[in-house]
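Let's sit down with a fold and learn to read it feature by feature. Bring your questions, and we will take them in turn.

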Amino acid sequence: MKRVLAYTVAAATVAVNLLMQPLLMARAPMTLIPGLADFYPAWNRGVSFSLFTQNSEMGRYLLMAVLALISAAVALMAWRAENRLSAIAYGLILGGALGNLIDRARFGGAVFDFLSLHLGATPLFICNLPDIAISAGVVLLFVEALLVPKAGAEDSGPPPPHARKRIRGGGGC
């Protein structure tokens, strides 16, 4: 069931990205939240924060190969998800990675970014729906690591009174 959930979330993330892009590409830049967020369409040939920008065919295919390997690794992690929360998290990360991979294949090595975040006049970054899905998935994995007890994890505290062994006879206090 967890596997189905993970891959359904991934497929939904890819589908929403593909369906929303034509609508977003047709819009003009606009302020969403003054001083914090703008709708600002841009093409990005790099990865996070436009690092490793690729303008050559070789760079484009190398970046896409790396994305495909990362997607395969995340798909394996989704397959092994231990609970619903991690299944959703891995599904979001997988869907985001596949969404960016599909975009790079469709748009000559670029992705369509549109959400520009900033603090006043200081720019932070610009991202797209797959980036948001990846970020949300990572946050969910952190939440899981902090709040969800692992199966078989033992409490480090003393055993409850009914579980203590009674020592009979012999020395002691």
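What follows is a conversation between a learner and a teacher about this predicted model.

Q: How many helices and strands are there in the protein chain, and in what order do the elements run?
A: The protein chain has 4 helices and 4 strands. Starting at the N terminus, the elements run α-β-β-α-α-β-β-α. Among contacts with a separation of 6 or more, 69% are between residues 24 or more positions apart. Of the 173 residues in the protein chain, 31% are buried.

Q: Let's take the sheet. How do strands pair, in general?
A: Strands of a sheet pair through backbone hydrogen bonds, and the pairing can be parallel or antiparallel. In this model, 4 strands form an open sheet in the order E1-E2-E3-E4, with antiparallel pairing. E1 and strand E4 (122–127) stand at the edges with a single partner strand each, so one side of each has no neighbour in the sheet. The twist averages 40° from one strand to the next.

Q: How many bridges join each pair of strands, E1 to E2, E2 to E3, and E3 to E4?
A: Strand E1 (residues 30–33) is joined to strand E2 (residues 37–44) by 3 bridges, and Thr31 stands opposite Asp38. Between E2 and E3 there are 6 bridges, with Asn44 opposite Val111. Strand E3 (residues 111–119) and E4 pair over 5 bridges. On that last pair, His118 has Pro123 as its bridge partner, while Leu119 has Thr122.

Q: Which residues in the hairpins take a positive phi?
A: Look for the glycines. The hairpin of E1 and E2 has 3 residues between the strands, and Gly35 there has a positive phi near 80°. The hairpin of E3 and E4 has 2 residues between the strands, and Gly120 in its turn has a positive phi of about 60°.

Q: How much of E3 is buried?
A: In a regular strand, side chains alternate between the two faces of the sheet. For E3, 7 of the 9 residues are buried, so this strand is largely enclosed by the rest of the structure. Helix H1 lies across E2 and E3, at about 70° to E3.

Q: Can you show me one residue of E3? Is Ser116 buried or exposed?
A: Ser116, which lies in strand E3, has a relative accessible area of 18%; buried means under 20%, so Ser116 counts as buried. Leaving out residues up to four places away in sequence, Ser116 touches Leu36, Ala37, Asp38, Tyr40, Phe125 and Ile126.

Q: Now the helices. What span should H2 have, and what span does the model give?
A: The 23 residues of H2 should span 33 Å at 1.5 Å a residue, and the end C-alpha atoms are 33 Å apart, which agrees. H3 also has 23 residues; its first and last C-alpha atoms are 32 Å apart, close to the expected 33 Å.

Q: What do I find at the ends of H3?
A: At the N-terminal end, Asn83 is the cap, with a side-chain oxygen 3.1 Å from the backbone nitrogen of Leu85. After H3 comes Gly108, whose phi is positive, near 65°.

Q: Which residues of H2 are buried, and what covers them?
A: In an α-helix there are 3.6 residues a turn, so residues three or four places apart point the same way. The buried residues of H2 are Gly59, Arg60, Leu63, Met64, Leu67, Ser71, Val74 and Ala78. Their cover includes H1 and H3.

Q: Which residues make up the largest nonpolar core?
A: This core has 9 residues: Ala6, Ala10, Val74, Ala78, Ala81, Ala87, Tyr90, Ile93 and Leu94. Helix H1 (2–25), helix H2 (57–79) and helix H3 (84–106) each give two or more residues to this core, and H3 supplies the largest share, 4 residues. A second, separate core of 7 residues includes Ala37, Phe114, Leu115 and Cys127.

Q: And what does Leu92 touch?
A: Leu92, found in helix H3, is buried, with a relative accessible area of 16%. Not counting residues up to four places away in sequence, Leu92 touches Val9, Thr13, Ala133, Ile134, Ala136, Gly137 and Leu140.

Terms used. Residues are numbered from 1 along each chain as its sequence is written. Side-chain values use heavy atoms; hydrogens and water are left out. A nonpolar core is a set of buried Ala, Val, Leu, Ile, Met, Phe, Trp, Tyr and Cys residues joined through side-chain atoms within 4.5 Å. Buried means under 20% relative accessible area, exposed over 50%, partly exposed in between (1.4 Å probe, protein chains only). The expected span of a helix is 1.5 Å times one less than its number of residues. A polar contact is a pair of N or O atoms within 3.5 Å; within protein, one must be able to donate a hydrogen and the other to accept it, and residues adjacent in sequence count only if both atoms are side-chain atoms. Two strands pair if DSSP finds at least two bridges between them. Axes are lines fitted to C-alpha atoms, for helices over the stretch in contact, and angles run from 0 to 180 degrees between N-to-C directions. Contact means heavy atoms within 4.5 Å.
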